[in-house]
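User: Please take one close look at how the inside of this structure is packed. Keep the sentences short and explain each term as you go.

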Amino acid sequence: MAAAAAAVRCAEELVEREMSGRDASHDAAHALRVRDLALSLAAEQGVSSPDRLLIVELAALLHDIGDYKYTKDNVEDMSIVKRFLEEVGLEEGQREEIVAIITGMGFKNEVSNKLNAEPTLEFAIVQDADRLDAIGAIGVARCFTYGGSKNSALHDPNVLPRDNLSKEKYMSKEEKQTSINHFHEKLFKLKDMMKTEAGKKRAEKRHKFMENFVAEFYEEWSGRA
């Protein structure tokens, strides 16, 4: 237990160090919220084994350190995470499981409706936690924070949301997009992509908040409200 607690503390320090300077949509606070959500979902799903909870907690904390959106070449970079997991002395099986969760949990990997295998409960918990933080009030705030960091327009009626996105198109930094389109291209889809019963239940309220927000946004944009 002492070793696990030390690993978690080191992970928190790594997150603070590596994610400092990012915009607030994908900063250390996001990673800490996802960790808290993941542990809460795990409790609701009946996960109580310390070994299983350690996998959930570390995967949640470390999931965005190598995020492709913040790398120079637009490619996910797992080198820092892999090195960290070795340094804190995790067993090979634990390291592989955490890396598999992180590399497989992104929306980009599911955007074409292709899953390589049935996800583990730990995978589902961490992915649902990350997706919960992408919707609701915090999701709205994060969406416009990220868009602002990229100088994206709030809305442009001439730029329509993209349908049938491929992984490559979703990851592209070249196409002009608006913040409001992100709700249609991703955020409104997440409720129905939740994998745990606890995640599905929590997503309902957050999804409804976003629907109301976007409806009000269009009313105000058009001058009707």
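Analyst: Contact means that heavy atoms lie within 4.5 Å. With that rule, and not counting residues up to four places away in sequence, Thr145 touches Asp23, Ala24 and Ser25.

Some ground rules come next. This is a predicted model, where local features need pLDDT of at least 70, side-chain atom pairs count only at pLDDT 80 or more, and totals for chains, interfaces and linings use all residues. Residues are numbered from 1 along each chain as its sequence is written, and side-chain values use heavy atoms, with hydrogens and water left out.

Stay with Thr145 for a moment. Thr145 sits in helix α8, residues 136-149. Helices here are DSSP runs (H or I, at least four residues), numbered from the N terminus. Thr145 and Ala24 are 121 residues apart along the chain. Yet their C-alpha atoms are separated by 6.6 Å. Thr145 is partly exposed, at 32% relative accessible area. The cut-offs are these: buried is under 20%, exposed is over 50%, and partly exposed is in between (1.4 Å probe, protein chains only).

Now compare another residue of the same helix. Val140 also lies in α8. Val140 counts as buried because its relative accessibility is 8%. Beyond its neighbours within four places in sequence, Val140 is in contact with Phe183, Phe209, Met210 and Phe213. Ser179 is 39 residues away from Val140 along the chain, and the C-alpha atoms of the two are separated by 9.6 Å.

Follow Val140 to Phe183. Setting aside neighbours within four places in sequence, Phe183 is in contact with Val140, Cys143, Phe144, Phe188, Met210, Phe213 and Val214. Phe183 is also among the residues with the most contacts inside the largest nonpolar core. Such a core is a set of buried Ala, Val, Leu, Ile, Met, Phe, Trp, Tyr and Cys residues, joined through side-chain atoms within 4.5 Å. This core has 58 residues. The others with the most contacts inside it are Val15, Leu62, Leu85, Ile98, Ile135 and Leu187. Its largest share, 8 residues, comes from helix α3, residues 50-62.

Phe188, a contact of Phe183, leads on to His207. His207 touches Phe188 and Lys191, not counting residues up to four places away in sequence. His207 belongs to helix α11, residues 197-222. With a relative accessible area of 9%, His207 is buried.

Next, go to α3. Its residue Ala60 is buried, with a relative accessible area of 0%. Apart from neighbours within four places in sequence, Ala60 is in contact with Ala31, Val34, Arg35, Ala38 and Val126. The C-alpha atoms of Ala60 and Glu122 are separated by 10.0 Å, with their places 62 residues apart along the chain.

How do α3 and α7 pack? Helix α7 covers residues 121-132. The two helices pack at an angle of about 35°, and their axes are 10 Å apart. Axes are lines fitted to C-alpha atoms over the stretch in contact, and angles run from 0 to 180 degrees between N-to-C directions. On the α3 side, the contact is made by Arg52, Ile55, Val56, Ala59 and Ala60. On the α7 side, the contact is made by Glu122, Ile125 and Val126.

Ile125 has another partner. Thr196 is in contact with Gln45, Leu121, Ala124, Ile125 and Asp128, leaving aside its neighbours within four places in sequence. Thr196 lies in the loop between α10 (179-185) and α11. At 2% relative accessibility, Thr196 counts as buried. From Thr196 to Asp77, the C-alpha atoms are 28 Å apart in space, and the residues are 119 apart in sequence.

Now look at helix α4, residues 79-87. Which face is buried? Val81, Phe84 and Leu85 are the buried ones here. Seen down the axis, the buried residues fall within an arc of 95°, so they line one face of the helix. The arc is that of the directions from the helix axis to the C-beta atoms. These buried residues pack against α1 (2-18), α3 and α5 (92-104). On the other side of α4, Glu86 and Glu87 are exposed. Just after α4, Gly89 takes a positive phi of about 85°.

Finish with a contrast at the surface. Asn151 is placed in the loop between α8 and α9 (167-171). Asn151 is exposed, with a relative accessible area of 72%. Its phi is near 60°, a positive value in a residue other than glycine.
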